[in-house]
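Grab a pencil and work through the exercises below. Each one sets a task and then walks you through a solution.

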Amino acid sequence: MSALIFWLLSIVAIGAALVLIFGRNTVHGVLAMVVNFAVVAVFYLMLQAPFIAAVQVIVYAGAILVLFLFVVMLMGNDPGPLWEHLAVQRPAAILLVLLLIVALVPMMDVRNLTGVTATLIGPEFSDPASLARLLYSEYILPVEVTALLLLAATVGAVVLGRRGAYRTKREEVLDLDEVV
Amino acid sequence: MEALTTITTTHYLILSAILFSLGVLGVLMRRSAIIAFLSIELMLNAVNLSFVALARDLVSLDGQVVVFFVMTVAAAEVAVGLALIVAFYRSLGTTDIDEAHELYG
């Protein structure tokens with residue numbers, strides 16, 4: 001049963017990624033990413049990481065992609081040219097990515113790892129409390145540094161978004177007109 | 001047949017590798033800044049999936065802690081990155097990253 005779910009959801013995840021890459025519509029791309037992130041959240045549940053699954057839905061699907069949608073709304077739905085000014089870029093990119101897949105997939109064979117099956121893992125493994133205990137003891141310094149990073153990112157985004165933080169090309173042209 | 005009915009860590013890692021490669025394809029192929037940025041998120045997500053799969057394989061929560069930090073840093077990155085894209089758009093009126101050649105010497 002879980003094997004069937006895995007295969008179906010893998011197809012959905014890869015299909016959503018393909019919609020993002022080959023779609024002509026940016027909004028459809030963002031919505032495909034919502035599907036992809038939700039599917040990956042289900043994978044997290046199957047891998048006994050319910051806390052990560054919840055954070056995935058709340059932070060990724062809920063916050064980050066909504067931010068993306070706002071920006072798409074702000075700028076109009078212009079996907080840009082699908083293909084490039086350089087004619088070789090598309091086939092070259094596809095060839096390189098196929099090579100990457102051929103190189104990566106054999107590396108993923110991990111039969112020499114412990115290969116623990118799901119039933120052997122105790123309930124405390126998927127308990128968010130164990131994760132929290134680890135975060136606030138062993139990883140307390142990274143948690144604090146991340147807090148600082150989030151503050152810096154917030155300030156940075158506000159500064160960049162402020163009107164008058166930089167001069168647009170149009171303003172420069174207007175200034176030149178005034179001089180003339 | 002057993003490879004189809006028994007889902008192991010290897011299956012998750014291969015799926016993660018494929019999703020990562022598709023993210024690379026998106027960044028290499030598309031010129032829209034937003035699509036390229038979303039492809040980067042796709043890659044981060046694929047790596048997260050392999051972290052969680054290996055965390056279960058090794059029965060260690062450290063992998064999940066790393067995923068937690070990756071998500072936090074991704075949120076910060078998206079906030080600043082989208083602010084940059086909006087600034088870029090306000091300045092040039094497009095999100096085509098080929099137009100970003102102002103800094104050429």
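## Exercise 1: two helices, two settings

Helix α6 (residues 140-161) of chain A has 22 residues and covers 32 Å from its first C-alpha to its last, close to the 32 Å expected at 1.5 Å a residue. (Helices are DSSP runs of H or I with at least four residues, strands are runs of E with at least two, and both are numbered from the N terminus; the expected span is 1.5 Å times one less than the number of residues.) Before you go on, note that this is a predicted model, where local features need pLDDT of at least 70, side-chain atom pairs count only at pLDDT 80 or more, and totals for chains, interfaces and linings use all residues. Residues are numbered from 1 along each chain as its sequence is written, while chains are lettered from A and ligands numbered from 1 in the order in which they are written.

Task: work out whether α6(A) is largely in the open or enclosed.

Solution. Start with the cut-offs: a residue is buried with 20 or more other C-beta atoms within 10 Å of its own, exposed with 12 or fewer, and partly exposed in between, with C-beta atoms placed from the backbone. Now count: two of the 22 residues of α6(A) are buried, so this helix lies largely in the open. Then try α2 (residues 9-29) of chain B, which has 21 residues and reaches 30 Å. Here 17 of the 21 residues are buried, so α2(B) is largely enclosed by the rest of the structure.

## Exercise 2: the core

Task: find which residues touch the most other members of the largest nonpolar core.

Solution. A nonpolar core is a set of buried Ala, Val, Leu, Ile, Met, Phe, Trp, Tyr and Cys residues joined through C-beta atoms within 7 Å. The largest one has 64 residues, and the answer is A:L20, A:Y44, B:L19, B:I34, B:L38 and B:V52. Next, ask who supplies it: α3(B) gives the largest share, 13 residues. Finally, zoom in on A:Y44: leaving aside neighbours within four places in sequence, its contacts (C-beta atoms, placed from the backbone, within 7 Å) are A:A49, A:I52, A:A53, A:Q56 and B:V52.

## Exercise 3: where the chains meet

Task: say how many residues of chain A are in contact with chain B, and which helix gives the most.

Solution. First, 76 residues of chain A are in contact with 66 of chain B. Second, α3(A) gives the most to chain A's side, with 12 residues.

Key: Contact = placed C-beta atoms within 7 Å.
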